[in-house]
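Me: Hi! I've got a structure to go through with you. Mind if I throw some quick questions at you?

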Amino acid sequence: MQEASVQEAHVHAPPQGFLRKYVFSLDHKVIGKQYYALALAAVFTGMILSWLMRIHMVWPNAKIPLLELFSKNGAPGGVMTPEYYLSLLTMHGTLMVFFVLTNAPFAAFGNYFLPIQIGAEDMAFPRFNMMSFWTTFVAWVVLMLAFFIPDGPPIAGWTEYAPLSAVGKDAGPGMEWGASLWGISIAIFCVASLLGALNFIATTLDLRAKGMTLMRMPLCTWAWFITSCIALLAFAVLFPACILLILDRHAGTSFFIPGGLVISDRLQPHSGGSPLLWQHLFWFFGHPEVYIAILPSMGIVSHILVNSMRKPLLSARVVIYSMMSIGFLSYMVWGHHMFVSGMNPLSSLAFSFPTLTITIPATVLTLIWLGSLYGSNLQINSASLFALGFISMFVAGGVSGFFLAQPSIDIYLHATYFVVGHFHLVMGVASLFGVFAGTYFWFPKMTGRMMSEPLGKLHFWITFVGAYCIFMPFHYLGLIGNVRRYQSFVDDFMAPYMGWHKFVTIAALITGAGQLVFLYNLIYSRFRGKPATENPWNATSLEWSIPSPPPWNNFGGKHPIVYHDPYQYGVKGSKGDFVMQDSPEQVVAASGD
Amino acid sequence: MGKLLAIVLVVIAVLSAYPIVTHMFVLPEDISTHGRAIDQQLHDTMLEAGLSFVGAQIVLAVFVWGFTNRKEGSPLKSFPGGAKVAVIAAFVLVGTEVLALGVMGQKAWAQVYFTSPKPNALQVQVQAEQFAYYFRYAGPDGKFGLIHPDKIDEGNQNYFGLDPANEVEARDDIVSGELVVPVNREVQLLMHAKDVGHSFYVRELRLQQDFVPGLDLSLHFTATKIGKYEIVCTQLCGLGHYNMKAYLNVMSEADYEKWLKEQAAQ
């Protein structure tokens, strides 16, 4: 009785009017789609920026006509300047890490499906939820403004290392207002993420339907829940860091700026700060952020694999505990970004061991996925292809972590393309494979229409092969000492290797263009796709027990009761080889063995 | 399509390993005394990481090949041993791997950072600034003049902000745009940043160390081969970052002394 009353306290009236329905909606499903749309806008912007950078790097004198219209200073005559390359690099990283990898797998899908999967009508705090999205939106607008101010975007990279980022216009183009916009944008983003994380945690703990014990929650809900706990601690540290950065820039404080610096022939009016403080604060956020990006995808992939294999994982409990230990360890490893930063070399040892230790839960997860495939009845579709691709990419990006976790090797590989290859594969591509898998899997639920399977498969092949072609060569180039964040390599030992960079650029152009297939599929299927049934994948979790798309209050005012965990596949159920979570029927093993 | 995925996975695993196995990309020649341990560590890690990568891709391929589009009614099977095997394998295999790599790697790290420079090491002060390096030798008196940031005057080539008018120690300091060192003699770098963060990276020395504004760091090495090697900045330092480089010039002891005399005469 008490549970029901808690749930009813959060019910809001059906939305009325265009604004309340589609813009300032309190409905977690609309908010989830809004996050998805924002991530989509950000990912295509970020991708085009990477195209421009790749083209400039291998053909430094190439004229890109539209670029001059976009930025006269950055590309006079259409030829990109070295500093504009750095501006684009900063914006690419910031957009991708914050507005894509945090928004899409976590905020977008989490918002849409977490409440439904636990049987709730909405989030615990719908108004907070609306605020988190619109605050994120403001953060995005503030960041994008940097493109349109005369100064241009900042050139200090997405990590905005101080004192370069803290001293203002003396540090170079983009560092006057561009860098301030960056700091303000990220501070706002932190507030939004904190609101969102709190909401996810409260919803998961308070609004579960009757019978939905924690261990009966689907693995993706678990992943979103663990991610929220990580995000709560991580963004709570990045937020003050950004505030201190803004104060250094505009209020004359010296948190990150030591005395005696002469920049652009001017003795800086600061003293007493520490550049390493910024690095510690930033990476205390920055490393957990990697797991904020990848954990939701691990959950989504596990959820989809179970469905595609038509049998449970070897152990869902082990998957949950592994994700928890990854989350816990993620706070003890930030120093591995700083092995050669000048911090005490002894602490490098202290950070190296936990970093290497993370490999253990990550390997457990991989072995569980692989072992579960054995003896399954694997169904191949776009969603499961991307889920399988995720495993491949996660391993490919993960093994290079072995190298970088060791200070003695990092001393050589730090700041080379080896690092670029590593984090793009594991944090970028693997995480996005989770998002793609989730999109193909849940699109029917979200829109009531199926996506085109042939186009989805075409998208998979282009992306899967393309991503390997782009990011594998980066590791090799790193081995010969190819330094990152250089706009071109025209006059040094890299000259004989430029063929590889050209190969990567061409692969990036093709793979990027391949994403248009996805975009087309998304838009076409939204309007013309085959109508979807309630449960097109014969899945067990609660989102498949309601109409596609779900009504505004999810369960039509009813309170679902949960009888099973979501892994009842390969059994004799009344509807086939599965039993849904809210079905009271007894589960009978299918093969009788 | 499962079979196609399996084939592609194997092809990717083989193609990815090919450039490594055939040594298409090799590290530049090592010219340091500590580099051998780093190279060995990298080699061992490559072996373990490479085997894990290829092994996992092939297992994934085999399972995808074997368990897609199975005949109607084929019974589901469970991996023998289940989750327990996965957990034990991860702890035992990866745990030992990680411990072994971690412990062995510390030795290589210790060679660079946990040994003090010998008392007779050649001290050179390096100043990194947007977008150049300057190297200062103490001169015959063996003492460096102090740095006065307010006296820095690039136009008059006073890059370090020295005050020779008032300080005797600063008068014989030698400032060079190239790091000239004698072969087989230990060098201690005193690293100073003038403006923002920079880095000192010499591939052949297997050395990389950031310059931290406000925090002067010490780094030591011994170069074992005569030649000219590139020093590049690896810490994003502003618009000319890609252009920030200098050279390490390793000379015979005699050539080095000669160079020093020439510089002092200027």
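Me: Along strand β10 (residues 245-251) of chain B, which side chains are buried and which are not?
Reply: Happy to help, and bear in mind that this is a predicted model. The side chains of β10 in chain B alternate: B:Ala246, B:Leu248 and B:Val250 point to one face and are buried. B:Lys245, B:Tyr247, B:Asn249 and B:Met251 point to the other face and are not buried.

Me: Nice. In what sense does β4 of chain B pair with β10(B), parallel or antiparallel?
Reply: Parallel, over four bridges, with β4 covering residues 179-182. One of the bridge partners is B:Met251 in β10(B), matched with B:Pro182.

Me: And β9 of chain B with β10(B), parallel or antiparallel?
Reply: That pairing is antiparallel, over six bridges, and β9 spans residues 227-232. There, B:Gly227 has B:Val250 of β10(B) as its bridge partner, and B:Val250 is among the buried side chains of the strand.

Me: Zooming out, how many helices and strands does chain B have?
Reply: Five helices and 10 strands. The radius of gyration of chain B is 27 Å, well over the 18 Å from the globule rule for 266 residues, so the chain is more spread out than a compact globule. Its C-alpha atoms fill a box of roughly 95 × 35 × 30 Å along the principal axes.

Me: What share of chain B is buried?
Reply: Buried residues are 41% of the 266.

Me: New topic: how many residues of chain A are in contact with chain B?
Reply: 88 residues of chain A, in contact with 82 of chain B. On the chain A side, α11(A) gives the largest share, 17 residues. That side divides into 53 nonpolar, 28 polar and seven charged residues.

Methods. Residues numbered from 1 in each chain as written. Chains lettered and ligands numbered in written order. Predicted model: local features only at pLDDT ≥ 70, side-chain atom pairs only at ≥ 80, totals over all residues. Contact = placed C-beta atoms within 7 Å. Helix = DSSP H or I, 4+ residues; strand = E, 2+ residues; numbered from the N terminus. Nonpolar A, V, L, I, M, F, W, Y, C, P; charged D, E, K, R; others polar. Buried ≥ 20, exposed ≤ 12 C-beta atoms within 10 Å, placed from the backbone. Pairing = 2+ DSSP bridges. Rg over C-alpha atoms; globule rule 2.2 N^0.38 Å.
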